[in-house]
Amino acid sequence: MFPLVCLGLLLSCKDEMIPLPPEPDVHPSVAVEAGRVTSTSLSVYVTPSDALSCAATIVKAGATEPSAAEILAHGKSVDVTKPQSEVKFSDLESATEYVILAAASNDAGTSPVERISMKTGEADDPEIPEGPEIPDADFRMKGTSAYGLYYGEWGVAHNYGITVTDVVFDDYGYATGAGLAITLDLYGSATESPMNAVLPAGTYTVDPEGMDEEGSVSLTSEFSRCTFIDDEGSESGTELITDGYVTVDYVAGRYTMVGKFMLADGQSVAFVYVGEMDLTNMSGVLGCDYHVDADRITTAVYLGDSEGEGLDNFYLQIGDGYLENGWVSEEGFVFTLDMFAPRRSGSGELRLPEGDYVWGEYGEFSLGDYYSYGAYHLPSMQMEIYWESGVVHVTHTAGGYRLEGSFVLYDGYELSFTYEGAIDWSNQEPVRVGEVLDAAFDRGEGVYSILESGFESYYLTFVEQATGVRARIQLFDNISADTDDPVITPGVYTAVPTEEQAAPQTFALGTMYAGFWHDGSWCRRKNPESGLEGEAAVTGGTIGITSDKKDYYRVELDLTTTDGAFTGVYDGFLQLYSGEIPEPVGDLDITCNHILRAWDFGEQQNGAVRYYAELADVPFEGVNRPADGGAGHSVIWDFYAEAGAQRLMPGTYQLSNSKTPGTCSMQQTFIRVFDKFGERTDVTFERGEITVAESGDGAYRIVMDMYSAREEHIVARYDGAIDFVATRASAVAAPVSHKGLAPAPQSGLTQRWKPIERIAAPDKQALSGRGRVTADGGPGRYHRGMPPRQRR
């Protein structure tokens, strides 16, 4: 069911008058009384006594019942400052027996668990309860469910986005059949509690002149519309709302809504809804003080002097929720803290220093205000929480650390956390190229092309493999007499700003576009321990080139970079390629024993039958990288068998671009090499073949024998069965090699809509070159939800 059911947080807003704590040695107690009953919800009235904390939870009758400690750790919080609180449990099964349990605690101990058995009512009639008549319209709807988001203050009013629908959803929140979904962008007064928001009663009308004022409905096509859902649960059309009204009444937890709207196509739609509606808080404030007992660390990275300011940078994501590759795997709060400390000396133990880290005051013992924030995470969205001020107090303990954070939010309330335990910092300190003198480069190669300006461009790469130092220089020269066998003219090459000023015997300085795209000449250094690489742009100097024998050159670099002087010599054979090639991987002999996926794409337009397989020599996480994040290989094979083939036929498949029977595609037959840091190199082939033999019982013996552009001999083997799954209707695309060639198009796909947008948490690790890009799945059926807006 739609993930908003998890939002019964019941955050406990503190009253202004906080009662005194219980007397020492007075044990707490808790009482539970039955409350309201519906077919899908139960509530109880919880009365804590002499308690500092209290919580309640629910389980089906007969299920294992949690202990008092488990209830207090994972149950719904109960406000101990109030004499009695109602605790509601929603989205339950109808006509089902449940047990509700509660416990309380203080410094003297924990109360016994109090339990009460309750049963939900019979399933509601699909017809909505008696209510107002539906106004006359071209389309008339009795809503069966409503849900939405509270965005908080916007302009002079507070913003609520709601959807009312008669669509039936499955247990995962996807539409199962036809219906209407009316989405409205409403503006009204503030709600009393953002985490338990209530849409204010009143009449809301479309008002183009005052769409951010109380009592208006915005006219944006994104947020006020009528969506039509077909019998397959897919969106069949959407029309913008142009005029109309909706009246809202709210009594005892139930809404009564009546609306009528004109659509952009000239037709009208009207609806009535009577029932409950949950509003997810997306306002960025909580409306109460809230404390998080942090017990999970998502990220702990040491970035060293990442800003070049003489400070150590520690980047921490900590809370009671957990993020995996940017997406939430365990719901809850996550604090992202960008912490700066005095620069440490030497290479001793990596440890966050003790002290008070103050938000917004850049310097020693500070929290950077750009990357420091809180967020409440759900599987399909997150609410980001920013603060006006805050501090994190760090002390060292026998078990590691104690962190105490306190932040004042923009509504004046406090969000705080504590964490006690170890923190295993990953050393991702960026590498500086530094000053390089007299480098002895032992590897050299280049890539050449002809510019539109009429000059030859050479990207020359020189590597000192023992130190990880490398230079990549862009040279310009006159076009060679034989462009299939280019020759670099000896001489002294001087600097020009960019390729646009190219002239014979010059080289381009290092430039960067859009903050990440490198061009021209750059120098680099790679740390063999961490796999990280630093870079420095070439800012000036000269390059001397001599040659005593064809294809053999002596290249003397006398350069300056943003890190200082950079000098070195390469003397030897200089292989020049006509296109970009990957890093060298050497000769390889790979034995595959894991099938990542295997597809039968069926007959192609030329009659050949396409079979596609991805295999690996180590276990993989999905199909994109080794499961342990380290070294390994994956092999991608793209076969074209003879017409009418019902299986991958035995024979020899030659590497070719023709995609004809008896070939393997040059575009999508390649290998991926992952080093110990998880960094990937795609290697394509210039020539070779794959031999397929059958070994009985549907098993294959397959041997790939290929050569790369560097003449690296690469062999890959597989013995065993392969179940090629017919996937002509699959929406999963085959991977693309480093050449950037698009996968073969797939037909027969039905694009279904799922308007929930997933919001990735910012990943500062990407700044150090260690971040990975993740992608959400494609569109699906209409889902019970609305996309959150990034409005601020």
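This report covers two aspartates with unusual backbone angles and one small sheet in a predicted model.

**Two aspartates with positive phi**

Asp-438 is not a glycine, yet its phi is positive, at about 60°. The residue sits in strand β34, which spans residues 436-441. Asp-438 is exposed, with a relative accessible area of 67%; the cut-off for exposed is over 50%.

Asp-551 also has a positive phi without being a glycine, here about 70°. Its setting is a loop rather than a strand: Asp-551 lies between β43 (533-549) and β44 (552-561). Asp-551 counts as partly exposed because its relative accessibility is 22%, and that class runs between 20% and 50%.

| Residue | Phi | Location | Relative accessible area |
|---|---|---|---|
| Asp-438 | about 60° | strand β34 (436-441) | 67%, exposed |
| Asp-551 | about 70° | loop between β43 and β44 | 22%, partly exposed |

**A three-stranded sheet**

Next comes the sheet. Three strands form an open sheet in the order β1-β2-β5, and their pairing is antiparallel. Which strands stand at the edges? They are β1 (29-37) and β5 (85-89). Each has a single partner strand, so one side of each is left without a neighbour in the sheet. From one strand to the next, the twist averages 30°.

Strand β2 covers residues 42-49. How many bridges join β2 to β5? There are five, and the two strands run antiparallel. In β5, Phe-89 stands opposite Leu-42.

Key: Residues numbered from 1 in each chain as written. Predicted model: local features only at pLDDT ≥ 70, side-chain atom pairs only at ≥ 80, totals over all residues. Heavy atoms only, no water. Helix = DSSP H or I, 4+ residues; strand = E, 2+ residues; numbered from the N terminus. Buried < 20%, exposed > 50% of the residue type's maximum accessible area, 1.4 Å probe, protein only. Pairing = 2+ DSSP bridges. Axes fitted to C-alpha atoms, helices over the stretch in contact; angles between N-to-C directions.
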